[in-house]
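Work through the exercises below with the sequence and the coordinates at hand. Each task is followed by a solution in steps.

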Amino acid sequence: MVNDLHDGILAIDTHVDIPWPEGPSPFEDGPRCVDLPKLKQGGIAAVCFMAYIPQGHRDAAGHLAAAGRTRAMLNTIHAMAPADGSGGMLTRTAYEIEAAFAAGKPGIIPAIENGYGIGRDLSLLDEFADLGVRYITLTHNGHNEIGDAAIPLRNLGDDDTCFGGLSDFGQSVVDRMNERGVMVDISHTAKSTMMQAVKRSRAPVLASHSCMRALCDHKRNLDDEQLELLAATGGLVQITMVSNFLKARARTNDVTVADIADHIDYAVKRMGIDHVGIGTDFDGGGGVKGFMHIGQAANLTAELGRRGYGRAEVEKIWGGNVLRLLRHTEQVAAALSSPASA
């Protein structure tokens with residue numbers, strides 16, 4: 001049966017937002033698209049939960065506020081893995097994700113959406129890495145001190161470009177992320193920023209929640225040149241479920257799991273099966289007919305099965321590929337910290 005494809009796989013969703021500053025409990029089956037009961041229902045082993053920091057002014061006050069919000073949101077994500085074991089398990093490494101899966105506990109993976117949260121201070125990057133952050137999305141909408149975004153914010157005074165890609169500080173951010181074993185996420189960045197980050201990084205990078213520009217001409221999506229560079233360097237694109245990234249000017253009711261699978265198909269054919277995954281953007285705008293919460297994850301897997309994907313391929317798309325990338329990132333960090341690399 002097609003549904004058997006989903007049973008027992010180590011599935012990872014690489015991009016889920018959290019309500020902020022207050023919202024429904026993650027421990028109960030409620031109105032959130034992703035809560036702990038729905039993870040069990042949907043057979044999802046681990047999730048990257050986002051400390052999402054909207055872009056503000058690039059000044060001392062803005063950076064101070066962004067850092068404070070980042071800390072507070074990471075504390076909220078940590079609270080989903082209480083010490084008494086009543087929730088998920090905080091998972092900082094590929095090994096810990098697998099250990100949580102073996103224990104039957106949801107893996108809670110902290111991540112940051114928008115490098116604005118570190119302002120111009122690499123010590124903040126170190127602080128957040130110590131809190132278990134496993135990737136940072138370099139930009140959101142609007143340029144920051146790291147580099148140019150795909151979508152400038154005119155209300156913040158953005159021109160089309162600010163740095164022509166990565167800033168000098170952004171290059172040092174990528175270097176430090178490599179050193180700390182934090183994956184570099186290029187979703188939301190301008191193409192110039194993305195291309196430069198891929199070439200700068202000593203570990204492969206990921207797009208944690210993006211779609212195919214060939215299928216939907218949106219500034220947030222990745223074109224074929226970007227896909228080819230990601231594949232050539234061992235990186236990943238995690239297909240997302242925001243309706244107008246899947247189909248031009250579409251709304252939720254206009255798209256289905258078949259549209260998600262179309263983008264997966266395109267990425268697999270263009271890049272290879274080892275470079276594609278899933279980052280839903282649930283609770284941040286993601287959702288299509290038939291897959292409106294994480295408890296319905298098997299519906300997407302069933303569609304992949306109807307298209308001829310087998311068990312091994314589904315395991316890679318749903319989690320194996322991002323585990324490989326995380327391990328690679330950890331190995332790069334270990335090599336950079338060794339005496340021989342000094």
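A salt bridge is taken here as a side-chain nitrogen of Lys or Arg within 4 Å of a carboxyl oxygen of Asp or Glu. The model is predicted, and side-chain atom pairs count only at pLDDT 80 or more.

**Exercise 1. Arg120 and its partners**

Task: Find which residue forms a salt bridge with Arg120, and state where the two residues lie and whether each is buried or exposed.

Solution.
Step 1. The partner of Arg120 is Glu145, with the closest N and O atoms 3.4 Å apart. The cut-off is 4 Å, so the pair qualifies as a salt bridge.
Step 2. This pair links distant parts of the chain, 25 residues apart. Glu145 is in the loop between strand E5 (135-137) and helix H5 (168-180), while Arg120 is in the loop between strand E4 (107-113) and helix H4 (122-130).
Step 3. Buried means under 20% relative accessible area and exposed means over 50%. Glu145 has 12% and is therefore buried; Arg120 has 53% and is therefore exposed.
Step 4. Arg120 also lies over the face of Phe169, at 5.0 Å from the ring centre.

**Exercise 2. Two further salt bridges and a network**

Task: For the salt bridges of Asp175 and of Arg307, give the partner, the closest N and O distance and the elements involved.

Solution.
Step 1. Asp175 pairs with Arg200, the closest N and O atoms being 2.7 Å apart. Because Asp175 lies in helix H5 and Arg200 in helix H6 (residues 191-200), the salt bridge ties together parts that are 25 residues apart in sequence.
Step 2. Asp175 is buried at 17% relative accessibility, and Arg200 is partly exposed at 34%.
Step 3. Arg307 pairs with Asp265, again with a closest N and O distance of 2.7 Å. Arg307 sits in the loop between helix H10 (297-306) and helix H11 (311-337), Asp265 sits in helix H9 (residues 257-271), and the two are 42 residues apart.
Step 4. Arg307 is partly exposed, with a relative accessible area of 29%, whereas Asp265 is buried at 16%.
Step 5. Salt bridges with shared partners also join Asp126, Asp130, Arg176, Glu179 and Arg180 into one network. The structure holds 25 salt bridges.

**Exercise 3. The aromatic pair**

Task: Classify the geometry of the ring pair formed by Phe282 and Phe291.

Solution.
Step 1. The count of aromatic pairs is one. Its ring centres, those of Phe282 and Phe291, are 5.3 Å apart, and the cut-off for pairing is 6.5 Å.
Step 2. The planes of the Phe282 and Phe291 rings stand at 80°, so the pair is edge-to-face; the class requires planes over 60 degrees apart.
Step 3. Phe282 has 0% relative accessibility and so counts as buried. Phe291 is buried too, with a relative accessible area of 0%.

**Exercise 4. Backbone geometry**

Task: Which peptide bond is cis from Trp20, and what is phi at Asp281 and at Asp283?

Solution.
Step 1. The bond from Trp20 to Pro21 is cis, with omega near 5°. Pro21 lies in the loop between strand E1 (12-16) and H1.
Step 2. Asp281 is not a glycine, yet has a positive phi of about 65°. Asp281 is in the loop between strand E9 (276-278) and H10, and counts as buried at 7% relative accessibility.
Step 3. Asp283 also has a positive phi, near 60°, in a residue other than glycine. Asp283 is found in the loop between E9 and H10 and is partly exposed, with a relative accessible area of 25%.

**Exercise 5. Two pockets**

Task: Describe the largest pocket and the second largest pocket by volume, lining and residue class.

Solution.
Step 1. The largest pocket holds about 290 Å³ of space, and the second largest has a volume of about 250 Å³.
Step 2. Of the 16 residues that line the largest pocket, Leu39, Lys40, Ile44, Gly104 and Pro106 lie nearest its centre. Helix H1 (residues 36-42) gives the largest share of this lining, four residues.
Step 3. The second largest pocket is lined by 21 residues, with Ala150, Ala190, Lys191, Arg213 and Lys219 nearest its centre.
Step 4. By class, the lining of the largest pocket has nine nonpolar, five polar and two charged residues. The lining of the second largest pocket has six nonpolar, eight polar and seven charged residues.

Methods. Residues are numbered from 1 along each chain as its sequence is written. This is a predicted model: local features need pLDDT of at least 70, side-chain atom pairs count only at pLDDT 80 or more; totals for chains, interfaces and linings use all residues. Side-chain values use heavy atoms; hydrogens and water are left out. Rings of Phe, Tyr and Trp (its six-membered ring) pair if their centres lie within 6.5 Å; planes under 30 degrees apart count as stacked, over 60 as edge-to-face and the rest as tilted. Buried means under 20% relative accessible area, exposed over 50%, partly exposed in between (1.4 Å probe, protein chains only). A charge sits over a ring if NZ of Lys or CZ of Arg is within 6 Å of the ring centre and within 35 degrees of the ring normal. On a 1 Å grid over the protein atoms alone, a cavity is a set of points where a 1.4 Å probe fits but cannot get out, and a pocket is an open set with protein on both sides within 12 Å along at least five of seven lines; lining residues have an atom within 4 Å of a point. Grid points are joined across faces, edges and corners, and a volume is the space filled by probe spheres set on the points. Ala, Val, Leu, Ile, Met, Phe, Trp, Tyr, Cys and Pro count as nonpolar, Asp, Glu, Lys and Arg as charged, and the others, Gly among them, as polar.
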